[in-house]
There are 2 protein chains.
Amino acid sequence: MAVNYIPVSTLRPVAGVRLSTAAAGIRYKDRDDLLLVEIAEGSSVAGVFTQNRFCAAPVLLCRDFLKKQSPRFLVVNSGNANAGTGEKGLTNAKAVCGSLAELTGVSLEQVLPFSTGVIGEQLPVEPFTKAFTGALRSLDEDNWLSAAKAIMTTDTMPKAISSQLMIGDKQVTLTGIAKGAGMIEPNMATMLAYVATDAEISQNLLQSMLKQAVDLSFNSITVDGDTSTNDALILIATGKAGISIDEDQVAVFQQALNELCQHLAQSIIRDAEGATKFVTLSVQSAPDLETAQAIAFTVARSPLVKTALFASDPNWGRILAAIGRSPVKYLDISKLSLWLGDTQLIGAGQPVATYTEQAGQSEMENEEITIRIDLNDGDAKSTVWTSDLSHDYVTINAEYRS
Amino acid sequence: MAVNYIPVSTLRPVAGVRLSTAAAGIRYKDRDDLLLVEIAEGSSVAGVFTQNRFCAAPVLLCRDFLKKQSPRFLVVNSGNANAGTGEKGLTNAKAVCGSLAELTGVSLEQVLPFSTGVIGEQLPVEPFTKAFTGALRSLDEDNWLSAAKAIMTTDTMPKAISSQLMIGDKQVTLTGIAKGAGMIEPNMATMLAYVATDAEISQNLLQSMLKQAVDLSFNSITVDGDTSTNDALILIATGKAGISIDEDQVAVFQQALNELCQHLAQSIIRDAEGATKFVTLSVQSAPDLETAQAIAFTVARSPLVKTALFASDPNWGRILAAIGRSPVKYLDISKLSLWLGDTQLIGAGQPVATYTEQAGQSEMENEEITIRIDLNDGDAKSTVWTSDLSHDYVTINAEYRS
């Protein structure tokens with residue numbers, strides 16, 4: 001059950017992007033597990049991918065293909081990650097792309113493959129080739145929600161959002177979908193996300209805007225510290241809205257993109273495997289960004305902090321212990337303050353006399369908890385979102401595959 | 001339930017060390033929670049302590065006192081960590097030491113305090129002062145086993161071992177006890193350990209031998225990546241055996257010390273919170289020690305690997321994913337081999353054709369599992385011991401305190 005599930009609002013089509021889904025039977029039965037995305041010619045496409053050295057076959061191909069040509073199709077499957085599959089995995093992924101290229105008359109490198117699911121099993125090609133003809137026929141601009149559903153694995157809800165903004169006298173639409181619930185950690189999360197806009201944005205600008213948005217969203221979440229072999233986020237700009245984003249409009253568009261990506265990233269945390277809490281780690285007034293991030297992530301990943309959150313137990317000693325072991329070069333604990341929500345626990349490194357267990361308990365019983373760490377030692381800050389560690393996390397990850 | 005519990009063998013007294021325990025009622029009811037150790041005059045004492053910046057009041061005092069004088073008493077309590085307790089925590093720990101110093105005529109700095117248990121609650125002094133007189137009367141060389149029991153917190157079994165070796169024509173005894181089950185991670189683990197020998201060893205040599213033994217034992221285990229605020233390991237050499245360890249004998253004594261510390265460290269993993277598996281991570285043929293350690297610890301800490309171990313699921317993709325995200329500067333995955341026990345999964349970075357799911361399953365069903373990662377790229381190696389992540393880990397850590 002997702003924490004404070006936000007129902008998907010209306011998903012707006014993005015001119016120049018058509019989608020379709022199919023139940024190809026790659027692994028799952030009786031549900032869509034294949035997503036086809038058609039991108040209009042002339043669009044810009046940017047991507048960021050997992051930093052995992054054992055990255056999956058489709059990630060290797062995506063990186064390579066994106067350098068060569070602008071993509072016209074995305075092929076996404078759930079159920080099988082095509083990772084840890086060696087040379088044969090590459091051959092299979094290429095066969096999938098080649099089959100679609102042949103049917104549509106584009107080049108093989110214009111088809112980007114994406115896979116998510118179990119690692120270490122070879123990807124069957126035939127289910128794709130069988131499903132493509134029908135999927136091509138049902139391509140439609142209005143299929144974003146079924147697309148969000150088709151790419152789910154351990155997700156309990158589809159993650160999707162649209163937003164619109166006026167740039168000059170033109171309305172610009174942004175629509176994005178994402179999947180991911182476990183193996184979530186920056187650089188990147190076990191995560192696939194596809195975002196499209198009808199604004200016109202040059203390839204270089206698109207890539208740099210994507211990088212900034214990702215740092216503030218998908219690279220600021222963690223469930224379990226495990227990173228995936230398959231993460232990918234693709235941003236498409238079709239240019240069909242009749243407005244080109246230039247220097248004057250970058251800030252306003254970037255803000256909209258950041259917010260959309262944050263919404264999707266936070267949806268992943270709300271739906272994190274076994275999550276019962278949505279937790280914001282806010283480290284403030286740090287000497288530098290690295291220190292702020294190191295502390296935020298160390299606390300966010302701590303199994304002991306996460307089990308205390310699950311138990312709604314204001315066992316703040318575990319937070320201090322996690323701060324204390326953060327891999328930072330310098331930390332003056334005598335300046336540090338710590339808050340649970342609005343309740344202060346530590347001031348200038350010392351327990352606050354006014355703190356009561358009851359006040360801490362009351363903060364911990366909330367479903368949305370903010371842990372604020374103020375280092376009082378600079379201007380840098382970092383915000384990280386995470387979940388708790390529950391019995392259901394163990395159940396889901398002990399039973400996944402079986 | 002500990003994994004392959006090894007019953008404590010006979011614990012041999014170490015001449016020059018007397019121990020006693022008491023039910024002081026510091027937090028627990030109806031069990032011993034106080035340990036007193038008396039060290040004969042003229043002994044050498046070495047110590048290593050947690051690297052956590054939020055280290056506990058007793059750790060601050062131990063570090064300070066050890067620099068000034070050779071200790072004559074150790075006072076250890078379970079149930080309350082006296083960590084996160086600020087200035088008042090220091091005052092209370094000093095009061096405990098001062099009370100014992102007054103009763104015994106030693107100086108305050110000759111009493112080393114140790115605490116383990118809940119973080120963030122003030123340590124009551126009175127239970128100590130009330131218990132000291134009786135405890136002093138019952139000091140005895142044969143109390144090692146009850147000492148091991150008195151320092152337990154979430155431990156399900158006492159951890160203790162003795163060994164003897166001949167050095168020249170003299171028999172030398174080593175006896176050690178440890179506690180720890182969660183918040184286990186190097187530098188150091190949530191762990192207290194006390195080891196004594198009747199050999200004579202100079203202070204400097206003792207400290208350097210302790211450092212080497214710890215790196216190969218307590219600093220090579222992890223349960224949950226969380227480090228404690230209170231870890232301490234004390235090594236006492238009383239010199240009562242009539243043999244002084246000089247250069248010629250260092251190697252043989254070091255080996256015995258390493259083995260004793262490894263036994264105690266492995267006992268902590270066997271008794272790790274919720275553990276159902278005892279797992280050895282062996283990284284071989286690495287370019288350097290840092291690479292070997294980084295990979296071993298990244299896999300050992302991975303919640304997804306640990307839940308797969310709990311499920312006896314040969315989901316080796318998760319091991320690859322953890323290797324792939326290890327924080328190493330350089331890794332040539334095309335040289336890498338991976339084994340589960342005697343079953344090879346990956347060779348030269350590719351799935352091994354002979355591998356069967358059945359073979360992997362059979363390895364994973366063992367209670368003792370070795371994951372061997374051969375980088376085929378150098379001479380360095382690292383061995384790390386860890387446990388799985390089970391429902392009981394969550395239960396224990398969600399319910400501890402309540």
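Among contacts in chain A of this predicted model between residues at least 6 apart in sequence, 80% join residues at least 24 apart. These contacts sit within a chain whose secondary structure amounts to 11 helices and 16 strands. The radius of gyration of chain A is 22 Å, close to the 21 Å that the globule rule gives for 402 residues, so chain A is as compact as a globular protein of that length. Along the principal axes, the C-alpha trace of chain A spans about 70 × 55 × 35 Å. Burial can be put alongside these dimensions: 57% of the 402 residues of chain A count as buried.

Helix 1 of chain A offers a pleasant place to look at burial in detail. This helix covers residues 57-68, and its 12 residues should span 16 Å at 1.5 Å a residue; the end C-alpha atoms are 17 Å apart, which agrees. The buried residues of helix 1 of chain A are A:A57, A:P58, A:V59, A:L61, A:C62 and A:F65. Their cover includes helix 2 of chain A together with strand 3 (44-49), strand 5 (111-118) and strand 10 (232-237) of chain A.

Attention turns next to strand 7 of chain A, which has a partner on either side of it in the sequence. Strand 7 (residues 170-179) is mostly covered, with 7 of its 10 residues buried. With strand 6 (residues 159-167) of chain A, strand 7 pairs in the antiparallel sense over 9 bridges. At the hairpin between them, A:I167 stands opposite A:K170 of strand 7. The hairpin has 2 residues between the strands, and A:G168 takes a positive phi near 60 degrees there. Strand 7 of chain A also runs antiparallel to strand 8 (residues 192-197) of chain A, to which 6 bridges join it. In this second pairing, A:K179 has A:L192 of strand 8 as its bridge partner. In a regular strand the side chains alternate between the two faces of the sheet.

The view finally widens to the partner chain. Contacts between the chains involve 48 residues of chain A and 48 residues of chain B. On the side of chain A that touches chain B, the elements giving two or more residues are helix 2 (86-104), helix 8 (303-310), helix 9 (317-324), strand 14 (350-351) and helix 11 (391-399) of chain A. Helix 9 of chain A supplies the largest share of that side, 7 residues. By residue type, the side of chain A that touches chain B divides into 20 nonpolar, 19 polar and 9 charged residues. Helix 2 of chain A thus appears in two settings: it is among the elements covering the buried residues of helix 1, and it gives two or more residues to the side that touches chain B.

Definitions and conventions. Residues are numbered from 1 along each chain as its sequence is written. Chains are lettered from A and ligands numbered from 1 in the order in which they are written. Two residues are in contact if their C-beta atoms, placed from the backbone, lie within 7 Å. Helices (H or I, at least four residues) and strands (E, at least two) are DSSP runs, numbered from the N terminus. Ala, Val, Leu, Ile, Met, Phe, Trp, Tyr, Cys and Pro count as nonpolar, Asp, Glu, Lys and Arg as charged, and the others, Gly among them, as polar. The expected span of a helix is 1.5 Å times one less than its number of residues. A residue is buried if 20 or more other C-beta atoms lie within 10 Å of its own, exposed if 12 or fewer, and partly exposed in between; C-beta atoms are placed from the backbone. Two strands pair if DSSP finds at least two bridges between them. The radius of gyration is taken over C-alpha atoms; the globule rule is 2.2 Å times the number of residues to the power 0.38.
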